[in-house]
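Okay, everyone, thanks for coming. Let me put the structure up, and then I'll walk you through a few parts of it.

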Amino acid sequence: MEYPRTLMEFESRFSSEEACLEYLAQVRWPDGFVCRSCGGRKAWKTGRLLYHCTSCGHQISVTAGTVFQGTRKPLQMWFRAMWWVTSQKNGASAQGLQHNLGLGSYQTAWAWLHKLRRAMVRPGRDRLSGLVEVDETYVGGREAAPGRGAENKALVVIAVEKKGRAFGRTRMAVVSDATRDQLCGFVQASVEPGTTVRTDGWQGYRALKTRGYVHDRILQQRSAAEPYELLPGVHRVASLLKRWLLGTHQGAVSPAHLPYYLDEFTFRFNRRTSKTRGKLFYRLLEQAVAVDPVTYKTLISSDHNI
Ligand SMILES: [Zn+2]
């Protein structure tokens with residue numbers, strides 16, 4: 001599918017609401033309309049967003065069941081928001097998005113960014129493979145103290161593919177603690193079995209061998225190197241993540257929402273070599289029509305569960 005490669009192309013391609021709707025319908029039904037109710041392949045357009053199935057009469061909105069479900073704002077604004085988020089190297093803050101789009105409220109911009117973050121994880125994505133480094137780091141609050149206990153901070157476990165001196169893809173997740181269940185559970189969800197997993201000597205990783213991985217344990221006392229030199233991929237990604245949270249988001253990320261920021265960071269990091277930013281825009285749109293919608297109420301209520 002064609003996608004805009006530059007801002008100029010974006011502006012001319014999506015200069016009207018109609019153009020955005022057409023494009024959204026194409027991304028949603030790449031092989032043509034499919035009725036959710038009867039599987040029929042023919043429909044009439046009966047309204048701005050509505051398609052009317054000619055075989056069973058079922059009406060479906062092109063935004064139903066997508067991130068854009070129920071929106072009262074023009075799709076053109078959503079498209080601009082997606083372009084704004086994906087075209088900038090470091091993404092966007094809610095305040096930046098509000099100003100850029102001229103949105104009436106900060107809450108709307110905040111909610112849009114959160115809805116889009118929900119679309120930054122590809123359903124059924126591949127797990128990492130090859131040689132993978134795994135380690136934990138504390139995120140949030142003040143600078144992490146040595147050791148594996150800290151207050152008011154979230155523990156994030158990070159996996160990074162190591163490709164010679166370069167790095168491949170990353171996966172990361174918030175874990176409740178550095179126990180075997182949490183750490184090995186993360187590895188199993190993120191890394192293909194049979195992969196060589198390199199960690200430090202922490203006991204939480206010891207079970208990896210019995211869970212189908214080749215475990216390369218680096219014992220620090222046997223090496224004169226600094227910890228960040230032993231697992232350079234993870235430490236590079238961890239420092240980029242922290243810089244991004246402090247820079248773009250000024251560190252103002254609540255623990256309840258942190259997992260979604262990790263998704264955004266991962267989305268961008270794993271596509272950092274894309275030739276055009278337009279491709280990120282297209283991927284985001286593609287995933288935005290594939291994930292379930294989330295309401296503002298749900299976004300807010302997760303704040304109260306801390
Ligand atoms: Zn039908």
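Let's start in the middle of things, with a residue pair: E133 stands opposite R198 in β7. Before I go further, a reminder that this is a predicted model. So, that pair belongs to the contact between β4 and β7, where three bridges join the two strands and they run parallel.

Which sheet are we in? It's an open one with five strands, ordered β6-β5-β4-β7-β8, and the pairing is mixed. Which strands stand at the edges? Those are β6, residues 166-175, and β8, residues 214-218; each has a single partner strand, so one side of each is left without a neighbour in the sheet. Neighbouring strands here are turned by 25° against each other on average, if you ignore direction.

Now the pairings one by one. On the other side of β4 you have β5: residues 131-139 for β4 and 154-163 for β5, antiparallel, with nine bridges between them. If you want a residue to click on, V134 stands opposite A159 in β5. Then go over to β7 and β8, which run parallel and are joined by five bridges. There, V197 stands opposite H215 in β8. As a general reminder, strands of a sheet pair through backbone hydrogen bonds, either parallel or antiparallel.

What lies across this sheet? Helix α6, residues 180-190, lies across β4, β5, β6 and β7, the last of these being residues 196-200. Its direction is about 130° to β6. Helix α9, residues 258-269, lies across β4, β5 and β6, and runs at about 170° to β6.

Okay, next: the other sheet. This one is open too, with three strands in the order β1-β2-β3 and antiparallel pairing. The edges are β1 (43-45) and β3 (59-61), each pairing on one side only. From one strand to the next, the twist averages 30°. Between β1 and β2, which is residues 50-53, there are three bridges, and the two run antiparallel. The pair to look at is K45, which stands opposite Y51 in β2.

Now for the metal. Which residues hold the zinc ion's protein donors? They're C35, C38, C53 and C56, each through SG, at 2.3 to 2.4 Å from the ion. Along the chain, the donors follow the spacing C-x2-C-x14-C-x2-C. Why call the arrangement tetrahedral? Because the four donor atoms subtend angles of 104 to 114° around the zinc ion. Two of these cysteines are worth a look for their exposure. C53 comes out at 1% relative accessibility, so it counts as buried, while C56, at 38%, counts as partly exposed.

Last stop, helix α2. It covers residues 17-28, so to speak, 12 residues in total, and reaches 16 Å from its first C-alpha to its last, close to the 16 Å expected at 1.5 Å a residue. Is α2 enclosed or open to the outside? Nine of its 12 residues are buried, so it's largely enclosed by the rest of the structure. The buried ones are E17, A19, C20, L21, Y23, L24, A25, V27 and R28. And what covers them? That includes α1 (7-13), β2, β3, α3 (75-87) and α10 (277-288). So β2 and β3 turn up again here, as part of what covers α2.

That's my tour. Happy to rotate the view if anyone wants to go back to something.

Technical notes. Residues numbered from 1 in each chain as written. Predicted model: local features only at pLDDT ≥ 70, side-chain atom pairs only at ≥ 80, totals over all residues. Heavy atoms only, no water. Donors = N, O, S within 2.8 Å, 3.2 Å for Na, K, Ca; no water. Tetrahedral: all angles 85-135°; square planar, octahedral: opposite > 155°, others 65-115°. Buried < 20%, exposed > 50% of the residue type's maximum accessible area, 1.4 Å probe, protein only. Pairing = 2+ DSSP bridges. Helix = DSSP H or I, 4+ residues; strand = E, 2+ residues; numbered from the N terminus. Axes fitted to C-alpha atoms, helices over the stretch in contact; angles between N-to-C directions. Contact = heavy atoms within 4.5 Å. Expected span 1.5 Å × (residues − 1).
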